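Here are a few notes to go with the model, written as I went through it. Have it open while you read.

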Amino acid sequence: MSILKNAIISALGVEAVFDGNNYPASMDFCVVPRGKFVDAAKAMKKVHALLAAEWASDESQLGRGFGVFACYRWGAEYLIVKIELPYDDPIFASITNKFMPAYRFERQMKSLMGVVPVGHPDLRPWIKFEDWPEDAWPLRKSFDALKPMPRVAGEYKFVRAEGEGVYEIPVGPVHAGIIEPGHFRFQAVGEDILNLEERLGYVHKGIEKRFEALSWQEGSRLAGRVSGDTTVAHSLAYCMALETMTGCRVPERAQWLRALFLERERIANHLGDLGAICNDAAFAFMLYQMSRLKEIMLRTNHKLFGHRFMMDRIIPGGVSVDIGPDGRELILSELKKLLKEFNRLVIIYDENSSLEDRVRETGILIPEKARELCAVGIVARASGLNLDCRTQNPFPPYDRIGVNVPVLISGDVHARAWVRVEEVRESIRIIREIINALPSGAISAEAGIPAPDTSGFSAVEGWRGEIVYWLQAGPNSEVNRCMVRDPSSVNWLGLEQAVLGNIVPDFPLCNKSFNQSYSGHDL
Amino acid sequence: MKILNQILRTGIVTEALPPEVEEEIKAVGTKLEEAIRRRFSRSLTIRQVDAGSCNGCELEIHAINNPIYNCERFGMHFTASPRFADMLLVTGPVTRNMEIALRRTYDSTPTPKLVVAAGDCGCNGGIFGETYASLGGIDKVIPVDVYIPGCPPTPIALLHGILKAVEVK
Ligand code: SF4
């Protein structure tokens, strides 16, 4: 029996009701009384679990009120704790005091679903802007998503630091470069950052609500556009969650091809980031070199799979493109050249002392903080946390090929860059293994339609980190709810911590080393 | 030293491409350069605005700056300020939360200004449609001169679209 399940049972006894039918065998799911939500959180905290996500679902069409869900993770285990709230009394006790990331999850749940986390220290809206009508809760079933939303008067109150010499720098939403919109408020003394407050939500496109208007098939296209740079991983996570609901068995060749696409996406983005980080440390040479290598990969993608980023190449039940012997040859020769040039560039990075000066001990997220914030992905691994769904929740071929996960503890800009360096090399190895041992057979299977009132879950290691999807079917087997948790939803909190005490001019560098998604966060 | 080596070894990277690709870039590039010379006295300044995209379009806009497309050689470059811009290159669907910022950016751009909507979302809202949060294509908020479809449009498609816009004016 799992550690998390044990912990809940010993804390709550028979008050935790487990449901084994509704979920993939890989995870546990239990319903607890509304008053026991915090007790469950305490029990999870005691066994050092991390909070992966927290969300709400409007289950009125299923004959219930609201469901509030907290998903915990420890190692390879996931456990969802659910409470049910009556429709006319949608309040529950906040778990923010136990788990930091709940701070934003709960603000978001309150803003978009209208469920109230009692005891939350900060109930300012999140994602929801001050000019939204107070009772606009788009995730409720009664909300008409197709009606334009009026504007009302309102004001957003930023946190204020006061004192002699403290001044404020507002930045955004439209930034200087070619970059997504967001707003940052710095409080600084001299050059030193005292406080940074992020304000996001500018690119909120109503994605979670939009899923409810689409078919299950179309949903994978939408998932592939949650964050354009992570199209493979997001559509994969969506499809895997759906497949757990319908019992679809994805052919082995398709699974291997999925891993191939996932690793190619990882390399391309890491190359882009490494160039961009160096560029912000005033080393433009690396940007040109890395973006050249990235471009070569994208061209190969286009040639072999018909799309530079491989959008819509992952579909429910499998993949939509295959690879022939020529394609395999092409990838092998591309990787050989890539690795050689990459290694040469990494030596230049490593030996450049002016670069070292900028990236070492800058923007440190200490391991304790990373753990407290339940950080994921590259950010977590650069701060001492050994987390990777590819090793902890592997699908074939990862269970066979294995993944060497780089973990550093310095938590600075350099560590985040270096995790990427190691991952590029490791992904190249993985792709080679895939190409050499690719099983034959079909590349897709019938995905099927979920039964009413069932739900599905998945966690996939995208290039930024763990992506979580939770799907729920309504009374007519339609999409009742699709919860998306991009790694950015938790890691943005890490950036606010990492910049403290750094100088304002180093902010772009810190930000670039995190490179979190705005679109994937704002949804 | 190593840097110098790498620079020497890399040479002019555009040479390393398959000839047909280079031909394609050159063809649109030469026309662009010519049009920019005639109408914008050699320099076209672009302000990119993300009005709500998924960031996929931005990746390709970045790509036209990479050494392979190297759009600066044709006389176009990106600016941080709308006040210096000849052209707004806008992606999205326009989110409700970005509408005001987009309008303001448009208003601060000196006339005559060109507006190019990039990507299926910028053209008509794409898969996000028109909802409480997404207003749809860019022309729902500001006038658009040229549309570049694609999800996302490839770098070559972007260059073609920009050329079309420059020739329009
Ligand atoms: S057109 Fe495609 S790539 Fe561009 S923003 Fe829309 S979904 Fe993203």
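In what order do the elements of chain B run from the N terminus on?

1. Chain B goes α-α-β-α-β-β-α-β-α-β-α, reading from the N terminus. That gives the chain six helices and five strands. Keep in mind that this is a predicted model.

2. On packing: 60% of the 169 residues in chain B are buried. Looking at contacts in chain B with a separation of 6 or more, 79% of them join residues 24 or more positions apart.

3. Now the surface. Chain B has an accessible surface of about 6,800 Å². Carbon and sulfur atoms take 55% of that area.

4. How many disulfides are there over all chains? The count is zero. As a reminder, a disulfide is a covalent bond between the sulfur atoms of two cysteines. The cut-off used here asks for the two sulfur atoms to be within 2.5 Å.

5. Take A:Cys71 as a case. Why is there no bond to A:Cys389? Because the sulfur of A:Cys389, though the closest cysteine sulfur to that of A:Cys71, is 10 Å away, which is too far. Seen from the other end, A:Cys389 is in no disulfide either, and its nearest cysteine sulfur is that of A:Cys71, at 10 Å.

6. Are these two cysteines buried or exposed? A:Cys71 counts as buried, with 0% relative accessibility. A:Cys389 is buried too, at a relative accessible area of 1%.

Notes. Residues numbered from 1 in each chain as written. Chains lettered and ligands numbered in written order. Predicted model: local features only at pLDDT ≥ 70, side-chain atom pairs only at ≥ 80, totals over all residues. Heavy atoms only, no water. Helix = DSSP H or I, 4+ residues; strand = E, 2+ residues; numbered from the N terminus. Buried < 20%, exposed > 50% of the residue type's maximum accessible area, 1.4 Å probe, protein only. Contact = heavy atoms within 4.5 Å. Areas by Shrake-Rupley, 256 points an atom, 1.4 Å probe, with all protein chains shown as cover.
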